[in-house]
Amino acid sequence: MANYVFVQNNAAMLAVPVEERENFWHKLVKFYETGQQDDLNDFLYKTSIGIMPGGLTMEKTREIEERNRKWLGLE
């Protein structure tokens with residue numbers, strides 16, 4: 001579902017790297033148990049969200065990054 005929103009906005013793709021999968025599951029369970037999303041959001045932003053290829057300018061890339069951080073509640 002997250003990738004649908006990202007792709008529709010030509011912004012990013014969410015993909016948890018294989019080596020981070022166990023860490024992701026722990027953070028996801030913690031989120032479900034506590035309702036606190038900051039740790040999960042920070043983890044996803046640092047490890048799992050990548051800008052889509054397609055010739056984006058640096059300015060547009062910064063705009064997308066800022067929008068993603070706001071959307072994830074990191075700002």
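This report describes the fold, helix 2, the aromatic contacts and one residue of helix 3 in a predicted model.

## Overall architecture

The chain contains 4 helices and 2 strands. Followed along the sequence, these elements are arranged in the pattern α-β-α-α-β-α.

Of the 75 residues in the chain, 23% are buried. The exposed surface of the chain amounts to about 5500 Å², of which carbon and sulfur atoms supply 54%. Contacts distant in sequence are also present: among those between residues at least 6 apart, 59% join residues at least 24 apart.

## Helix 2 and its two faces

Helix 2 covers residues 21–34. With 14 residues, helix 2 reaches 20 Å from its first C-alpha to its last, close to the 20 Å expected at 1.5 Å a residue. Its buried residues are Phe24, Lys27 and Leu28. Viewed down the axis of helix 2, the buried residues fall within an arc of 100°, and they therefore line one face of the helix. The general geometry of such elements is relevant here: an α-helix has 3.6 residues a turn, so residues three or four places apart point the same way.

The buried residues of helix 2 pack against helix 3. The face turned away from this buried side carries the exposed residues Glu22, His26 and Glu33. Just after helix 2, Gly35 adopts a positive phi of about 80°.

## Aromatic pairs

How many aromatic pairs does a search of the whole structure find? The search returns 3 aromatic pairs. One of them is formed by Phe24 and Phe43, whose rings are stacked, with 6.4 Å centre to centre and 25° between the planes. Because Phe24 lies in helix 2 and Phe43 in helix 3 (residues 38–47), this pair ties together parts that are 19 residues apart in sequence. Phe24 has a relative accessibility of 15% and so counts as buried; Phe43, at 6% relative accessibility, also counts as buried.

Phe31 and Tyr32 form a tilted aromatic pair, with 5.5 Å centre to centre and 45° between the planes. Are the two partners buried or exposed? Phe31 counts as partly exposed because its relative accessibility is 25%. Tyr32 has a relative accessibility of 63% and therefore counts as exposed.

## Aromatic cluster and a charge over a ring

Phe24 and Phe43 also belong to one aromatic cluster, together with Trp25. Phe24 thus appears both in this cluster and among the buried residues of helix 2.

A further ring has a charged group as its partner. The charged end of Arg69 sits over the ring of Tyr45, 4.5 Å from the ring centre.

## Asn41 in helix 3

Which residues does Asn41 contact, leaving aside its neighbours within four places in sequence? Under that condition, Asn41 is in contact with Leu72 and Leu74. Asn41 lies in helix 3, and its relative accessibility of 8% means that Asn41 counts as buried. Phe43, also a residue of helix 3, likewise counts as buried, at 6% relative accessibility.

Key. Residues are numbered from 1 along each chain as its sequence is written. This is a predicted model: local features need pLDDT of at least 70, side-chain atom pairs count only at pLDDT 80 or more; totals for chains, interfaces and linings use all residues. Side-chain values use heavy atoms; hydrogens and water are left out. Rings of Phe, Tyr and Trp (its six-membered ring) pair if their centres lie within 6.5 Å; planes under 30 degrees apart count as stacked, over 60 as edge-to-face and the rest as tilted. Buried means under 20% relative accessible area, exposed over 50%, partly exposed in between (1.4 Å probe, protein chains only). A charge sits over a ring if NZ of Lys or CZ of Arg is within 6 Å of the ring centre and within 35 degrees of the ring normal. Contact means heavy atoms within 4.5 Å. Accessible areas come from the Shrake-Rupley method with a 1.4 Å probe; for residues, only the protein chains shown count as cover. The expected span of a helix is 1.5 Å times one less than its number of residues. The arc is that of the directions from the helix axis to the C-beta atoms.
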